[in-house]
Amino acid sequence: MADATIIDGRALAGKVKDDLTRRVTALQRQGKNVRLDAVLVGGDQGARMYANNQAKACGAVGIEYVLHELPDTSSESDIIATVDMLNESKVVTAIMVHMPLPDGVDAYEIQARISSDKDVEGVNPANIGNIVFGKRSLVPCTALAVMEMIESTGIELQGARAVCVGASTIVGKPVAVLLMQAEATVTSTNAHTKNQELLTREADILVTAAGVPNLITAEFVKHGAVVIDVGINRVKGKDGKKRTVGDVDFEGVQGIAGFVSPVPGGVGPMTVAMMLRNTVQAAE
Ligand code: NAD
């Protein structure tokens, strides 16, 4: 059997960004601004790196990006005050709050405070809840990315058997619900699932978001399946250098799957593209 087709997240993201550049220009011609304001609390290295990348990604499609930096001594009410100010601002069309937040700050309370029509990460409970109602308002970016990547393969979702490995609020659960909405037959697994490979081997669509390197080996995969790898794990290679891998044993799975997304270069770049698309959608 031939090797699986690689789902190129960078190429898909490039197409999305081309379309967004046109939409942003059209909005600007109508005198409407497209602006994403992000809140970064404290000096977390990873979050800062993400904020820098986000600034570049926004700039590339013409979205204005403003970063609000708060000290790590900020209280929940300090952060809420910033979010409220952004909610009320007429020039701010999109808001996101970088994770992690300092100890003692309840992320749920902050995310629930973001105005649901400016919530471009789709983390407000109203936006997450809308998925259950079949309304694609502002959907969590990674879940959207996964759906776009599945749809890019041309697989018929209705009646397909899908397994989502990992059930977090921001990835696994919304993906499972979106697949249910598309009338796939969906199984959700987690760290306590027994004999997981018996379930995954039945899957026409296998999405993994567990954060466990090499969790999904060839034995877990049905011939011809669509495999989407959301995991991002840092591991030491044979040369002692650290590298980024997903949850999937890519080499092994490539020999059996029909389509597989790589890490890096898969869900990651598409997630950024979906955040940009949500930002443009919020402005529209
Ligand atoms: P999380 O830690 O909140 O949830 C992990 C889920 O996986 C839990 O439901 C847990 O029960 C399950 N799990 C753990 N071990 C398992 C196992 N052996 N078998 C089956 N299920 C198992 O994680 P999260 O925030 O959803 O992130 C998951 C992974 O996806 C991480 O590696 C994270 O870095 C990555 N991620 C990537 C993107 C992206 O844009 N590419 C976005 C978000 C998260």
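This passage describes the ligand surroundings, the domain layout and one helix residue in a predicted model.

The ligand makes a good starting point. Its shell holds 21 residues, of which A167, S168, A191, I232 and T271 come nearest. Sorted by class, this shell is made up of 11 nonpolar and 10 polar residues, with no charged residues. Helix 10, spanning residues 267-283, gives the most to the shell, contributing three residues.

Backbone atoms provide several polar contacts to the ligand. A polar backbone atom of A167 is found 2.9 Å from an oxygen atom of the ligand, and a polar backbone atom of A191 is 3.0 Å from a ligand oxygen atom. At N190, a backbone N or O atom lies 3.5 Å from a nitrogen atom of the ligand. The protein buries 67% of the 860 Å² that the ligand exposes when taken alone.

Turning to the overall layout, the protein chain is divided into two parts: domain 1 covers residues 30-116, and domain 2 covers residues 140-268. Their C-alpha centres are separated by 29 Å.

Helix 10 deserves a second look, this time through one of its residues. N278 has its place in this helix. Because its relative accessible area is 0%, below the 20% cut-off, N278 counts as buried. Leaving aside residues up to four places away in sequence, N278 touches V120, L138, V139, C141 and L144. Helix 10 thus appears twice in this description, as the element that gives the most to the ligand shell and as the place of the buried N278.

Conventions: Residues are numbered from 1 along each chain as its sequence is written. This is a predicted model: local features need pLDDT of at least 70, side-chain atom pairs count only at pLDDT 80 or more; totals for chains, interfaces and linings use all residues. Side-chain values use heavy atoms; hydrogens and water are left out. A residue is near a molecule or strand if one of its heavy atoms lies within 4 Å of it. A polar contact is a pair of N or O atoms within 3.5 Å; within protein, one must be able to donate a hydrogen and the other to accept it, and residues adjacent in sequence count only if both atoms are side-chain atoms. Accessible areas come from the Shrake-Rupley method with a 1.4 Å probe; for residues, only the protein chains shown count as cover. Helices (H or I, at least four residues) and strands (E, at least two) are DSSP runs, numbered from the N terminus. Ala, Val, Leu, Ile, Met, Phe, Trp, Tyr, Cys and Pro count as nonpolar, Asp, Glu, Lys and Arg as charged, and the others, Gly among them, as polar. Domain bounds come from an automatic or database domain assignment. Buried means under 20% relative accessible area, exposed over 50%, partly exposed in between (1.4 Å probe, protein chains only). Contact means heavy atoms within 4.5 Å.
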